[in-house]
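Work through these short exercises with the model in view. Try each task before reading its solution.

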Amino acid sequence: MEVRLSQNIKANRKRLGLTQEQLAEAMDVSVGTVSKWESAISVPDIETIVELADFFQESVDALLGYRWYHRSAGQTVEHLRTLENEHRYEAGAAEAKKALQKFPNQPEVLYECGELLYMAAVVQTNSPVGEKREEARKNLALAIEVYQKVAQLSEKDGGFSSSSVKIHQKIGTIYGILGQKEKAISYLEKYNISNVNDWMIANFLAGLKQYDKAWDRVAGVFQQKAFELFQCCWVMYSVLINTGRYDALLKLAVWMEGFCASVQDGKTGYYIRAAAMAEAMIATVYAYKGSAEHTDYTVDIRHYLQKAIGNAERFDAEPDYSGKTCFTDHASETVYDGHGESAIEAVQDMLLYSR
């Protein structure tokens with residue numbers, strides 16, 4: 001029985017990827033004690049055997065040598081996700097701390113632990129109880145350690161990835177929550193690949209009342225995201241018109257026109273061209289709706305065609321593809337929508353589109 005126990009302690013430790021030092025820390029004993037258990041030089045007392053069985057997720061009988069039962073790393077991930085999905089964040093944080101000891105080198109487990117620690121801290125931060133707020137700070141500090149280890153493991157072989165960027169963003173966010181805004185900015189700058197962290201950095205700069213610096217960052221982000229959103233809208237246009245969802249398409253096109261009108265600087269810029277395209281889109285939708293509903297939308301079609309041509313001519317008189325808006329004077333990179341060289345050609349592209 002003693003030989004089986006020693007073998008099972010060693011086998012379970014290795015199954016979890018733990019060193020003798022890590023198991024000793026988890027059990028609050030010395031490394032020498034663990035070594036003696038695994039060498040069958042000594043035997044844990046009954047209370048420690050029960051603790052070991054619970055730690056390894058084994059029955060006492062199985063640990064002593066009868067049969068094995070354990071929760072694998074994959075099962076642990078699913079268990080932690082279930083707690084998160086059920087919004088049982090504080091209970092999840094407690095389970096996460098156990099999982100960290102059992103699976104200290106499993107990135108998937110570590111990531112879920114970090115998520116639960118972070119979410120539990122968010123809940124605890126809003127608590128009126130001082131002890132819970134202090135626990136929140138501890139959970140956030142531990143979450144940083146966990147996320148950093150996840151990033152380290154994920155970047156070890158494959159280098160930087162989109163998932164590691166998100167992890168670094170989470171770490172920067174936590175520094176901010178802890179009131180360490182300068183550290184948050186510095187950390188996010190370090191991992192600001194392709195300016196992906198600019199909006200977060202701007203947020204913390206604003207928190208430090210460095211409004212000019214914050215504006216420079218966030219205005220650039222706005223330009224980039226606005227154009228990306230419009231690229232999305234062109235794809236949505238194609239899908240909606242080909243599936244006959246004209247009411248939804250009309251709402252999309254009207255929103256696009258209104259957005260363009262609100263961000264134009266009043267003189268030049270890509271959004272004059274985009275407005276012309278949106279207005280041509282609206283005219284096209286009314287034509288399709290009229291055909292499908294046997295309704296005369298001639299007045300609406302004429303109105304939006306006139307607006308589209310007016311804006312197209314206005315843009316073509318002084319073409320400007322910078323994507324600048326009324327919110328900033330400096331221009332972003334040149335944008336290209338693929339709908340024709342001139343704005344008039346882009347309008348024609350919208351009008352000639354057919355299923």
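**Exercise 1: A loop residue**

D28 sits in the loop that links α2 (20-27) to α3. The model is predicted. Task: find the sign of phi at D28, and decide whether D28 is buried or exposed.

Solution.
- Step 1. Read the backbone angle. Phi of D28 is near 60°, a positive value, and D28 is not a glycine.
- Step 2. Set this against the general rule. Most residues other than glycine have a negative phi.
- Step 3. Check accessibility. Exposed means over 50% relative accessible area. D28 has 71% relative accessibility, so D28 counts as exposed.

**Exercise 2: A second loop**

Task: locate N195 and classify its accessibility.

Solution.
- Step 1. Find the loop. N195 lies between α11 (181-190) and α12 (198-207).
- Step 2. Read phi. N195 has a positive value of about 60°, although N195 is not a glycine.
- Step 3. Apply the cut-offs. Partly exposed lies between 20% and 50%. The relative accessible area of N195 is 46%, so N195 is partly exposed.

**Exercise 3: One side of a helix**

Task: which residues of α3 (residues 31-38) are buried, and how are they placed around the axis?

Solution.
- Step 1. List them. V34, W37 and E38 are buried in α3.
- Step 2. Take the arc. These residues cover only 90° around the axis, so they lie on the same side of α3.
- Step 3. Look just past the helix. A40, just after α3, takes a positive phi of about 60°.

**Exercise 4: Helices α14 and α15**

Task: how do the axes of α14 (residues 246-263) and α15 (residues 270-293) cross?

Solution.
- Step 1. The axes come within 8 Å and cross at roughly 160°.
- Step 2. Angles over 145 degrees count as roughly antiparallel. Therefore α14 and α15 are roughly antiparallel to each other.
- Step 3. The crossing of α14 and α15 is left-handed. The residues of this contact comprise 19 nonpolar, no polar and five charged.

**Exercise 5: Helices α15 and α16**

Task: describe the crossing of α15 with α16 (residues 298-317), then name some residues that meet there.

Solution.
- Step 1. The axes of α15 and α16 come within 8 Å, crossing at roughly 160°.
- Step 2. Therefore α15 and α16 are roughly antiparallel to each other. Their crossing is left-handed.
- Step 3. Residues of α15, including Y270, R273 and Y286, meet residues of α16, among them D300, Y304 and F315.
- Step 4. Sort the contact by class: 15 nonpolar, one polar and five charged residues.

Notes:
Residues are numbered from 1 along each chain as its sequence is written. This is a predicted model: local features need pLDDT of at least 70, side-chain atom pairs count only at pLDDT 80 or more; totals for chains, interfaces and linings use all residues. Side-chain values use heavy atoms; hydrogens and water are left out. Axes are lines fitted to C-alpha atoms, for helices over the stretch in contact, and angles run from 0 to 180 degrees between N-to-C directions. Helices (H or I, at least four residues) and strands (E, at least two) are DSSP runs, numbered from the N terminus. Angles under 35 degrees count as roughly parallel, over 145 as roughly antiparallel, 65 to 115 as roughly perpendicular and the rest as oblique. A crossing is left-handed if the near helix is turned anticlockwise from the far one by less than a right angle, and right-handed if clockwise. Ala, Val, Leu, Ile, Met, Phe, Trp, Tyr, Cys and Pro count as nonpolar, Asp, Glu, Lys and Arg as charged, and the others, Gly among them, as polar. Buried means under 20% relative accessible area, exposed over 50%, partly exposed in between (1.4 Å probe, protein chains only). The arc is that of the directions from the helix axis to the C-beta atoms. Contact means heavy atoms within 4.5 Å.
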